[in-house]
Number of protein chains: 2
Amino acid sequence: MEQMTYKDSGVDIDAGNESVRLIKNFVRATYRPEVLGDLGGFGGLFALKNYDEPILVSGTDGVGTKLKIAFLLDKHDTIGQDAVAMCVNDILVQGAEPLFFLDYLAVGKLIPAQVAEIVRGVANACKESGCALIGGETAEMSGFYPAGEYDIAGFAVGVVEKKSLITPARVKVGDILIGLPSSGLHSNGFSLVRKIVFERMGFKGDEKIPELGKTIGEELLTPTKLYPAICLPLIKKFGEKIHGLVHITGGGFYDNIPRALPEGLSATIDADSWSVPTIFRLLQSWGNVSRREMFRTFNCGVGMILIVDAEIAEEIDGYKMGRIVEGTGVEILGGDLSD
Amino acid sequence: MEQMTYKDSGVDIDAGNESVRLIKNFVRATYRPEVLGDLGGFGGLFALKNYDEPILVSGTDGVGTKLKIAFLLDKHDTIGQDAVAMCVNDILVQGAEPLFFLDYLAVGKLIPAQVAEIVRGVANACKESGCALIGGETAEMSGFYPAGEYDIAGFAVGVVEKKSLITPARVKVGDILIGLPSSGLHSNGFSLVRKIVFERMGFKGDEKIPELGKTIGEELLTPTKLYPAICLPLIKKFGEKIHGLVHITGGGFYDNIPRALPEGLSATIDADSWSVPTIFRLLQSWGNVSRREMFRTFNCGVGMILIVDAEIAEEIDGYKMGRIVEGTGVEILGGDLSD
């Protein structure tokens with residue numbers, strides 16, 4: 001009877017070792033002085049410095065069906081940044097400095113060069129966010145994902161002193177909302193995006209869109225912006241005058257802004273205060289998407305919002321997009337994303 | 001032109017909210033006093049207690065193609081324990097107490113009752129391991145996974161005082177290896193298992209296997225054992241006399257034991273010192289798997305190994321399965337898994 005091996009079943013341990021060889025220098029380049037040990041340990045080790053009352057802030061997220069765009073274009077060096085950004089932007093809103101990151105990568109077939117491309121993107125984004133990539137899992141799941149396809153999830157841990165933790169309690173009437181530009185769609189709403197772009201419009205990934213000055217694939221795959229390098233210095237400089245941050249992630253403006261507000265307060269936003277990027281206007285028009293759905297699904301050009309004390313608003317670069325008022329929910333005026 | 005909505009594209013935010021409603025009590029039941037806030041924040045918050053020199057130990061892992069067994073049996077309340085166990089057992093080997101856990105769950109279609117079943121398994125395993133489930137992402141990725149199927153990954157963070165960190169440096173010649181029983185296959189080698197069981201043997205999931213006294217599906221889906229409740233008290237009691245722990249995970253005995261050893265030391269193991277469970281003998285025989293492949297792929301009945309100072313070996317329950325010698329690699333004698 002023929003001998004059966006693990007490799008025959010579609011799991012190639014040698015390809016796994018080759019992947020590790022290809023990524024180890026990218027990974028080591030992210031190490032901060034607090035990292036102990038090296039690749040290959042059972043757990044990633046991080047020596048926490050002295051804090052009075054350290055609060056660990058953690059978050060996990062994936063990239064969703066934006067992955068399908070990477071598969072379509074066969075371009076895998078940007079999706080890692082998306083995974084990092086979705087996590088670090090989440091923990092940032094509570095004032096935490098990202099410390100370390102781990103990635104989970106599940107592939108249909110372990111192609112070392114592809115894994116290296118993906119992890120290089122993860123590592124570069126970690127470095128840009130100041131966090132160390134201290135662990136990860138690359139799982140070869142044959143018969144689960146098609147060869148060449150994969151799923152990725154990220155996990156970030158940050159720290160903040162308890163007294164500096166940003167909570168809804170700080171927000172008060174009259175605070176100013178300052179929007180920071182997004183780099184594009186980031187990593188939300190892609191199921192709808194794909195349906196509009198590829199099903200209704202029938203575009204191929206390399207369809208050149210004159211209004212965008214690039215192909216639709218390039219536009220859609222633009223990696224999610226990393227906000228730590230912009231926001232951490234502001235948090236450090238302005239301290240308690242920063243009353244809140246809002247990561248415009250799944251659920252858009254309507255679901256995310258209330259997460260940063262105390263009971264009884266709401267936000268009123270003037271969407272004419274920034275220029276909604278062309279891709280959002282195109283998606284709205286191509287899909288005849290309602291205005292409310294646009295702001296509930298997409299960032300519409302604003303990926304992070306700072307809620308600040310009015311007295312410092314002029315000192316911060318960004319769209320002065322609204323203010324905090326009494327009430328519930330979020331009111332968005334102008335911007336004309338149709339209806 | 002027909003309006004397109006996010007929901008039409010296969011992402012149902014209401015189903016997401018319903019899932020949260022179903023799981024929130026399981027999740028809250030895992031909270032330790034250090035957890036701040038509640039479900040719904042951007043990041044999970046954990047107040048770290050006082051340590052002299054805290055080392056954070058983190059790990060991520062998935063369940064691999066064991067998921068296919070859960071799909072086959074349409075039973076989803078055990079796979080969460082697998083995700084937790086694969087992570088906490090990894091961080092445990094460095095002496096860390098698991099503090100908190102986050103899960104990433106990507107589903108083809110968000111079925112709230114199914115998500116609740118999965119997350120209940122995660123939450124119960126977290127509770128049993130003493131760690132709080134403080135975050136998670138449930139992503140509905142239509143067109144990515146078939147409806148009813150999903151992938152899951154876990155992330156665990158633990159802490160250990162620097163002076164108590166278990167590193168290879170402690171291990172010395174003459175140390176005794178004590179094996180702790182596994183609960184079955186745990187979550188490794190399932191691509192090979194499925195090939196043997198379903199392709200070569202042609203079994204259905206409900207095939208009753210007389211030698212096992214149960215169906216093959218029940219046997220294969222047995223959740224991975226959680227070792228923190230066994231090992232943490234031993235680490236506490238015996239301190240530096242515990243020289244190492246080895247989680248027998250992907251790569252089996254041959255790849256994992258060396259991860260706990262310093263350069264120049266190896267282990268010699270007598271596989272007659274425990275009774276290899278029937279499922280492993282069946283898989284070997286059904287697949288005509290080589291002896292080396294068996295010990296490189298499966299735990300063969302031993303899911304965790306303690307490497308201890310010889311003077312305490314008799315005080316610890318478990319298989320006295322081997323000892324540390326000079327040399328390289330791992331030598332496994334006896335046990336007769338054929339060849």
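This report describes how two domains of chain A meet, and how chain A meets chain B, in a predicted model.

Residues are numbered from 1 along each chain as its sequence is written, and chains are lettered from A and ligands numbered from 1 in the order in which they are written. In this predicted model local features need pLDDT of at least 70, side-chain atom pairs count only at pLDDT 80 or more, and totals for chains, interfaces and linings use all residues, while side-chain values use heavy atoms, with hydrogens and water left out.

**Domains of chain A**

An automatic or database domain assignment gives chain A domain 1 (13-164) and domain 2 (168-333). Their C-alpha centres lie 24 Å apart. Domain 1 of chain A puts 31 residues into the contact (heavy atoms within 4.5 Å), and domain 2 of chain A puts in 30 residues.

On the side of domain 1 of chain A that touches domain 2 of chain A, α2 (67-73), α3 (79-92), β4 (97-107) and α4 (112-129) each supply at least two residues. Helices (H or I, at least four residues) and strands (E, at least two) are DSSP runs, numbered from the N terminus. The most comes from α3(A), with 10 residues.

**Chain A and chain B**

A turn of 180 degrees and a shift of 0.0 Å along the axis lay chain A on chain B with an RMSD of 0.0 Å; the superposition is by least squares on the C-alpha atoms of residues with pLDDT of at least 70 in both. That is the relation of a two-fold axis. F155(A) is the residue of chain A that comes closest to the rotation axis, at 3.5 Å (C-alpha).

The contact takes 85 residues from each of chain A and chain B. Of the interface residues of chain A, 98% are also interface residues in chain B, so the copies meet through the same surface. M4(A), F42(A) and L56(A) supply 14% of the area that chain A buries against chain B, more than any other three residues. Strand β3 (residues 54-62) of chain A gives the most to this side, with nine residues.

**The two interfaces**

Buried area is the accessible area (1.4 Å probe) that two parts lose on being put together, summed over both.

| Interface | Buried area | Share from carbon and sulfur atoms |
|---|---|---|
| Domain 1 of chain A and domain 2 of chain A | about 2,400 Å² | 68% |
| Chain A and chain B | about 6,700 Å² | 62% |

A polar contact is a pair of N or O atoms within 3.5 Å; within protein, one must be able to donate a hydrogen and the other to accept it, and residues adjacent in sequence count only if both atoms are side-chain atoms. With both residues at pLDDT 80 or more, 11 residue pairs are in polar contact between domain 1 of chain A and domain 2 of chain A, and 24 residue pairs between chain A and chain B.
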